[in-house]
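Biologist: Hi! I'm new to this one and would love a guided tour. Could you pull it up for us?

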Amino acid sequence: MKSVYRIHFHSGSKEELLPDFSDDFPYIASRAEIGCQTYRFAPWHWHKAIELFYIEQGVLEYRTQHKQLLFPKGTGGFVNSNVLHMTKPQQNSRRSIQLLHIFDASFISGEHGSRIEQNYVLPVISSSFFDLLALYPQNPQHKEIIERIHAAFSFSENDTYYELRLRDALSHIWQLLFSLMRPQLHHTAAHRSNAGNKLKLMMAYIYEHYPDKISVAELASEACISERECYRIFQEHIRMPPAEYIQKYRIQMACRMLCNTDETVSAIGYACGLGSSSYFGKVFMEATGQTPLQYRAKWQNSDINSQ
């Protein structure tokens, strides 16, 4: 499985770049430890690929623009194509371990315009209602889907017919998901919120320019909206103003640098857009309850970095 600890973007489209995701085999499996020292939360992001996941440990919170759901150990879920989402562990869950299947719809639908795409894929990926779907084992219909999602992680690239077996497994899961969603599909809107597209542009700008000073005017300009609209979109969809989100993302980047580099605290403060060591120390203490040096002493060269 692949592990991804930082978000990158395709140039131009600013869609998340998924490592080892190729046109001839548009699928990756990944294992994410969220809540560890270098990966405290997964910031708001999106990708064209579909996401199926299983929670192996802890309790993980998922947020989209319209939903906020908890996923304890043993549950699973579905994140639709191009849905803006973020994840973080619950406060009483120090670390969450999540297994993910990430794949393009073409992996199961085949050629663009196929009957499978038209009848079974497009109705789902064009639905704004099914941006995020929770699967809980107490529900018998959900339980079968969860078990199949989990079982598909046991396939090895070295197995005979690996590609065919994996596509067959994901196709069966999709059939079960479609049956689950079908009663609501005809009630849902066909297009995603335009505000969501604006928010994606602003998020991508933050991820690319967080070391620099970022003004609300710059964010608004990136999405071709007014500053007032920028504030409204952030508050409505992620429940915090732009400055607070920028600060949280900078702190996350600082945590990674403290764990994975030997740069001085002062250098890290400036590299993450948090300024002088004194100011960096102040905001870092407020966010984590520790000084940067205490955080480094606790987490640098710990178990995750030795894996």
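Biologist: Let's start with α7: how many residues has it, and how far does it reach from its first C-alpha to its last?

Modeller: Happy to help, and do keep in mind that this is a predicted model. Helix α7 runs over residues 227-238, which is twelve residues. From first C-alpha to last, α7 reaches 16 Å, close to the 16 Å expected at 1.5 Å a residue.

Biologist: Nice. Which residues in α7 are buried?

Modeller: C230, I233, F234, H237 and I238 are buried there. Looking down the axis of α7, its buried residues fall within an arc of 95°, so they line one face of the helix.

Biologist: Why would residues three or four places apart point the same way?

Modeller: Because an α-helix has 3.6 residues a turn.

Biologist: And what do the buried residues of α7 pack against?

Modeller: Two strands and three helices: β2 (42-45) and β4 (59-64), along with α5 (194-209), α6 (216-222) and α8 (242-260).

Biologist: What follows α7?

Modeller: R239, and its phi is positive, near 60°.

Biologist: Let's look at the other end. What's in the loop between α6 and α7?

Modeller: C224 is in that loop. C224 is not a glycine, yet it has a positive phi of about 60°.

Biologist: Is C224 buried or exposed?

Modeller: Exposed, because its relative accessibility is 67% and the cut-off for exposed is over 50%.

Biologist: You mentioned α5 and α8. At what angle do those two pack?

Modeller: About 40°, and their axes are 10 Å apart. That angle makes α5 oblique to α8. As for handedness, α5 passes α8 in a right-handed crossing.

Biologist: Which residues meet there?

Modeller: On the α5 side you'll find M203, I206 and Y207. They meet Y245, I246 and Y249 in α8.

Biologist: Changing topic: how do the axes of α3 and α4 cross?

Modeller: Helix α3 covers residues 140-151 and helix α4 covers residues 162-185. Their axes come within 10 Å and cross at roughly 155°. That makes α3 roughly antiparallel to α4. The crossing of this pair is left-handed.

Biologist: Which residues of α3 and α4 meet?

Modeller: Q141, H142, E144, I145, R148 and I149 come from α3. Their partners in α4 are H172, I173, L176, L177, S179 and L180.

Biologist: What about the loop between α3 and α4, which residue should I look at there?

Modeller: Try Y161, which is found in that loop. Its phi is near 65°, a positive value in a residue other than glycine. Y161 also counts as exposed, at 59% relative accessibility.

Biologist: Back to α4 for a moment. How does α2 cross α4?

Modeller: Helix α2 spans residues 115-125, and its axis comes within 10 Å of that of α4, crossing at roughly 65°. The crossing of α2 and α4 is left-handed. From α2, the contact is made by N119, Y120, V121, P123, V124 and I125. From α4, it involves W174, F178, M181 and L185.

Biologist: Could you show me something in the loop between α5 and α6? Which residue lies there?

Modeller: D212 lies in that loop. D212 is partly exposed, with a relative accessible area of 43%. D212 and G275 are 63 residues apart in sequence, and 9.8 Å apart in space from C-alpha to C-alpha.

Biologist: And P292, where does that one lie?

Modeller: P292 is in helix α11, residues 292-299. P292 is buried, with a relative accessible area of 5%.

Biologist: What is P292 in contact with, leaving aside its neighbours within four places in sequence?

Modeller: L258, V265, F280, G281 and F284. As a further distance, the C-alpha atoms of P292 and G269 are separated by 9.5 Å, and the two are 23 residues apart along the chain.

Biologist: Last one, zooming out: how many helices and strands does the protein chain have?

Modeller: Eleven helices and nine strands. Of the 307 residues in the protein chain, 50% are buried. Among contacts with a separation of 6 or more, 73% are between residues 24 or more positions apart.

Terms used
Residues are numbered from 1 along each chain as its sequence is written. This is a predicted model: local features need pLDDT of at least 70, side-chain atom pairs count only at pLDDT 80 or more; totals for chains, interfaces and linings use all residues. Side-chain values use heavy atoms; hydrogens and water are left out. Helices (H or I, at least four residues) and strands (E, at least two) are DSSP runs, numbered from the N terminus. The expected span of a helix is 1.5 Å times one less than its number of residues. Buried means under 20% relative accessible area, exposed over 50%, partly exposed in between (1.4 Å probe, protein chains only). The arc is that of the directions from the helix axis to the C-beta atoms. Contact means heavy atoms within 4.5 Å. Axes are lines fitted to C-alpha atoms, for helices over the stretch in contact, and angles run from 0 to 180 degrees between N-to-C directions. Angles under 35 degrees count as roughly parallel, over 145 as roughly antiparallel, 65 to 115 as roughly perpendicular and the rest as oblique. A crossing is left-handed if the near helix is turned anticlockwise from the far one by less than a right angle, and right-handed if clockwise.
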